[in-house]
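Visitor: Could you take me slowly through one part of this model, the pairs of charged side chains, and then show me what lies around them?

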Amino acid sequence: MKVAFLGTGIMGGPMAVNLVKAGHDVTVWNRTAAKAQLVQDACGARVAISPAEAAADCQIVWICVSDTAAVERVLLAEDGVLGVARPGLLVADSSTISPVASQNFAARLRERGADLVDCPVTGSKRGAEAGELIFIVGGKQESIERLEPLFSAMGQRVFAIGGNGMGLVAKLAMNLNIALIFQGFAEGLVLAEKGGVRVRQMLEIIGATMLRSGVVEYKGPFIERRDFTANFPLALMLKDIHLMLDFARENRVKLPALETVEEIYTVAAEEGLAGADYAAILTLLEKWAGLRSPAPTPVEAR
Ligand code: NA7
């Protein structure tokens, strides 16, 4: 299929490469051109100078950018996708953004005869590189079916949840779990460390008991190595926490534990950890406990 891929960051870059490897005809665009160039170097994808140019003669536009404002930019700016939207064009958006905003973007595209499916992903950087992502999808069934060859090139499973925005609602609920599971894990680790228990011992105990979880298995080895380079940047988890709390307020849902976690992530971002992995929350808790200095990872604010 002819695909325009917009946003070649940590997730989008390997996703675009996997589409090319599966034989699709891919044109990439990224705000910072150097990252699109990396994809071209890796797999020979074409590079476009704007979202509109990338989308002009494609059947499918795949988006994977940071947040709602970034999706708005690639769709609605002067050189955005909407300007070249036409009947038959299908936009698949893997960015984690506001479900309501996504519904509005879908409506704008439908005015031009095009369509949009929200298909946020889970599986982190490793899943993106291995082509083992899990897509959580909202949109029209016939549009979701059209995307099947592309889903299978980048992922291992697709959950079609319902109409537009529903994939995003489910994805936010998933990330809520991840943030809270990691928070419990990190707080337990700091308490144990403060009492003299080594991190490795705690990881072994957790791995042998019902506390075992995918989150801990993924993050444990990074924590042991004190490697807090971003797999999932803390700034993006904080963005998701804001989306969860906004959606909760709009729907009269109270999320007391998440409200506390939001305050901790806000402080972490203010202390320079925005560009580190969200697992660097551990280093802030350690600092508060008087244990170690914050993450040695060089971090850039995002
Ligand atoms: P990254 O690696 O931080 O990549 C974010 C991408 O979004 C990257 O291509 C950015 O371009 C792009 N971006 C950010 N802001 C804009 C604006 N305003 N306009 C256009 N493009 C923009 O994040 P991930 O790949 O880990 O995550 C992507 C999504 O998946 C995100 O929603 C996660 O929550 C899940 P840049 O290279 O900075 O110019």
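Guide: Lys2 has a relative accessible area of 26%, so it counts as partly exposed, a word used between buried (under 20%) and exposed (over 50%), with a 1.4 Å probe and protein chains only. This is a predicted model, in which local features need pLDDT of at least 70 and side-chain atom pairs count only at pLDDT 80 or more, while totals for chains, interfaces and linings use all residues. Residues are numbered from 1 along each chain as its sequence is written, and side-chain values use heavy atoms, with hydrogens and water left out.

The partner of Lys2 is Asp57, and their side chains form a salt bridge with 2.9 Å from N to O; the term asks for a side-chain nitrogen of Lys or Arg within 4 Å of a carboxyl oxygen of Asp or Glu. Lys2 stands in strand S1 (residues 2-6), whereas Asp57 stands in the loop between helix H3 (51-55) and strand S4 (60-63), and the two residues of this pair are 55 residues apart. Helices (H or I, at least four residues) and strands (E, at least two) are DSSP runs, numbered from the N terminus. Like its partner, Asp57 is partly exposed, and its relative accessible area is 47%.

By this rule, the count of salt bridges comes to 12. Another of them joins the side chains of Asp25 and Arg46, again with 2.9 Å from N to O. Because Asp25 lies in strand S2 (residues 25-29) and Arg46 in strand S3 (residues 46-47), this pair ties together parts that are 21 residues apart in sequence. Asp25 is partly exposed at 30% relative accessibility, and Arg46 is also partly exposed, at 42%.

A further pair is Arg226 with Glu286, whose side chains meet in a salt bridge of 2.8 Å, N to O. Arg226 is in the loop between helix H11 (214-224) and H12, and Glu286 is in helix H14 (residues 281-288), so parts that are 60 residues apart in sequence are tied together. Here Arg226 is buried, at 18% relative accessibility, and Glu286 is buried too, with a relative accessible area of 0%.

Where, then, do these pairs sit in the wider chain? An automatic or database assignment gives the domain bounds, and it divides the chain into domain 1 (2-163) and domain 2 (169-288). The centres of these two domains, taken over C-alpha atoms, are 28 Å apart, and the count of salt bridges between domain 1 and domain 2 is 0.

The domains do touch, however: 18 residues of domain 1 are in contact (heavy atoms within 4.5 Å) with 17 residues of domain 2. Helix H6 lies in this region, and Lys125 is one of its residues. Leaving aside residues up to four places away in sequence, Lys125 touches Ile10, Met11, Tyr218 and Asn231, and it is partly exposed, with a relative accessible area of 30%. Ser124 is also in helix H6, and this residue has a phi near 60 degrees, a positive value in a residue other than glycine. Thr96, in the loop between strand S5 (90-93) and H5, is buried at 9% relative accessibility. With the same neighbours in sequence left aside, Thr96 touches residues including Asp67, Leu168, Lys171 and Asp240.
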